[in-house]
Amino acid sequence: MKRAFLLLSVFYAALSMGAVKLLPQWGDTFWRDSIPETMRQSYIAFGEHYLKKDWSSLPVSVFAEYKKTGNRTHYETLLFEKRRQLAALVMAELIEGQHRFMPDIINGIQSTLEETWWGLPAHYKTEVPRTEDQTVDLFNAETAALVAYTRYVLSDEIGRFSALLIQRIDQEVSRRILQPALKTNYWWKTAGMNWNPWICSNWLACVLFCEHDDQRRQAALDQIEKACEAFMAAYPADGGCDEGPHYWDRAAASLFETLYLLHAIPQHQTPIIHDSKFLAMESYIYKMYIGNGYAVNFADAHGNRAMLNINIGYPFGLMTGDKTMCQYAAWVGQQEDVVHQAAQLYNKSGNWPSLGRELIFLKHIQAFLREEPREPRLNEVWLPDLQIMTTREPFVAMKGGHNGESHNHNDVGSFIVYPDGNPLFIDPGVGEYTSKTFSGQRYDIWTMQSDYHNLPRINGYSQHDGKQYKAHVVSHKSGQLTLDISGAYPAEAQIQQWLRTVKVQKGKRVEITEDFALKAYQAPTQLMLITPIEPQLTKAGIMTLGSHTINYNAKQLTPEVEDLTPLLDTTLRQMWGTHLYRIKMTLCSHNLKQRIRYVIE
């Protein structure tokens, strides 16, 4: 590639006429001799759950719900489970190698090939999928890669059943992915967010295993390389992912996955050169790690626990020589008992089990089992481009940035506090995706509004969306960040300056200072705090939240507590439990210049 990446060349064999000897296939003694027996039995048991189970159709009436009612989860649940069924059966057959799962796999492949389109209705123009419209979205590409990897590892067994099925796989993958991806100037090919590498990693798998025309293969490889370059060029030098840790797995990690596969091709092998940005993009995920399985969840996050997917995290760390990443992956494996419960992690590795990633991971399983497990607990992190600070203990993270970030939440200046690695003041994350989530109605959703983050509502105004609404870093030093967040609010808020300082005194307290000047008074200003622990207004100047307290000046602030429970959907309840609360501290004075200080003990 034009841009040099830190990758090692010793793990790959040559690409010759489209046949990649990249991973062990069915019948290879590797599956018997290299995988611990307890892991083997876990994969086999997972597959047995689906033995003799019928292959469902995907009802068009459910596909149409997204356009008609805005619901996207009903169809996604059906599609994801069907893909999970195939992935589980394939891994079980590969591990066991006795043809026991092959009849179900053959039927599953045929059932998948008969679907009109492999993607999600949220990414499609019409309420009914059409054969002639093979738009390449995330899950059209994901399904194609699942089918392509299946074709590769089980090619002899599928071929024994019928060479026609092998041909049909190649034809369908070509029609649905290879041809439209090559011919269409999709927006994601130049994007600096997850769609680019996520699709490219799956597109590339299809190129390697299903493309048999040398000219088309080379053209696709050239486009994939160019897309990777565009993705990486869009990233800041600090490697920060503005989509948040939840999407890192399909952003930087998918870039690595793409490069891993590209490196199988001799003419695409890059020299061993340390690229600081690439390494920073990798380390972002453990820099955002809190403890107890929690990670900083700024931007869209469907879970408050963002454990590393070890089937991509470990190969990433191994290839870049990042010991912290390798040990983090080993620690997750230890916590999740991967040696005895391998299929559970496989099942949780994506929207459905990522067959390609699991195969790559298992190729390095012996090195993984020798790795020393260690939880990453970095004392201090400062990402100057993304404007994110983390510090411990207690763990505190604060963000600046702007409100035009990918998966933006209008949260410039917000912070979270996790004493002892457990949530106290939080970012709510995001609930179930609907038709509103990525539309002009996004900011009608309460989790996208600054009023439901740990932020002030100033002069009656909330933050506004758009890249121009941003913070200015005033100062940063160990455990302390001062931002001017006035620029995140509309001009109508009449803010001259709003300096917000978060200062952590190690092992003791978190001090928040709001030092501001307004041009005019229009409405009461309120300071918001979001917490899953029910606050108690014990007496003037003190609030208690379990074993923690907030000390404030009762002459400056009047607090009240609002129960947000009625706003919680299923996803948010899974994240935070049955209750969520908002503390609203209203400023008593109408003075245009004030300095407010409150302390979390």
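In this predicted model, R84 touches F46, Y50, N347, N351, W352 and P353, leaving aside residues up to four places away in sequence. R84 itself lies in helix α5, which covers residues 73-96, and with a relative accessible area of 16% it counts as buried, because the cut-off for that class is under 20%. Among the residues it touches, N347 is also joined to R84 through a polar contact of 2.6 Å between the two side chains. A further spatial relation concerns G47, which is 37 residues from R84 in sequence, while the C-alpha atoms of R84 and G47 are 9.8 Å apart in space.

Another helix, α7, can be described from its length, its surroundings and its start. Helix α7 runs over residues 138-153, and its 16 residues reach 23 Å from the first C-alpha to the last, which is close to the 22 Å expected at 1.5 Å a residue. Since 16 of the 16 residues of α7 are buried, the helix is largely enclosed by the rest of the structure. At the start of α7, a side-chain oxygen of D137 comes to within 3.2 Å of the backbone nitrogen of F139.

The strands β13, β14 and β15 are linked through β14, and the pairings are listed below.

| Strand pair | Residues | Bridges | Direction |
|---|---|---|---|
| β13 and β14 | 480-484 and 495-505 | five | antiparallel |
| β14 and β15 | 495-505 and 509-518 | 10 | antiparallel |

Within the pairing of β13 with β14, L481 has V502 of β14 as its bridge partner, and within the pairing of β14 with β15, I495 has L518 of β15 as its bridge partner. The strands β14 and β15 form a hairpin with three residues between them, and G507 in that turn has a positive phi of about 70°.

These local features belong to a chain whose secondary structure comes to 20 helices and 22 strands. The radius of gyration of the chain is 25 Å, which agrees with the value near 25 Å that a compact globule of 601 residues would have, and the C-alpha trace spans about 80 × 50 × 45 Å along its principal axes. Of the 601 residues, 62% are buried, while the chain exposes about 22400 Å², with carbon and sulfur atoms supplying 49% of that area. Among contacts between residues at least 6 apart in sequence, 73% join residues at least 24 apart.

Technical notes
Residues numbered from 1 in each chain as written. Heavy atoms only, no water. Helix = DSSP H or I, 4+ residues; strand = E, 2+ residues; numbered from the N terminus. Expected span 1.5 Å × (residues − 1). Buried < 20%, exposed > 50% of the residue type's maximum accessible area, 1.4 Å probe, protein only. Polar contact = N/O pair within 3.5 Å; in protein donor to acceptor, adjacent residues only side chain to side chain. Contact = heavy atoms within 4.5 Å. Rg over C-alpha atoms; globule rule 2.2 N^0.38 Å. Areas by Shrake-Rupley, 256 points an atom, 1.4 Å probe, with all protein chains shown as cover. Pairing = 2+ DSSP bridges.
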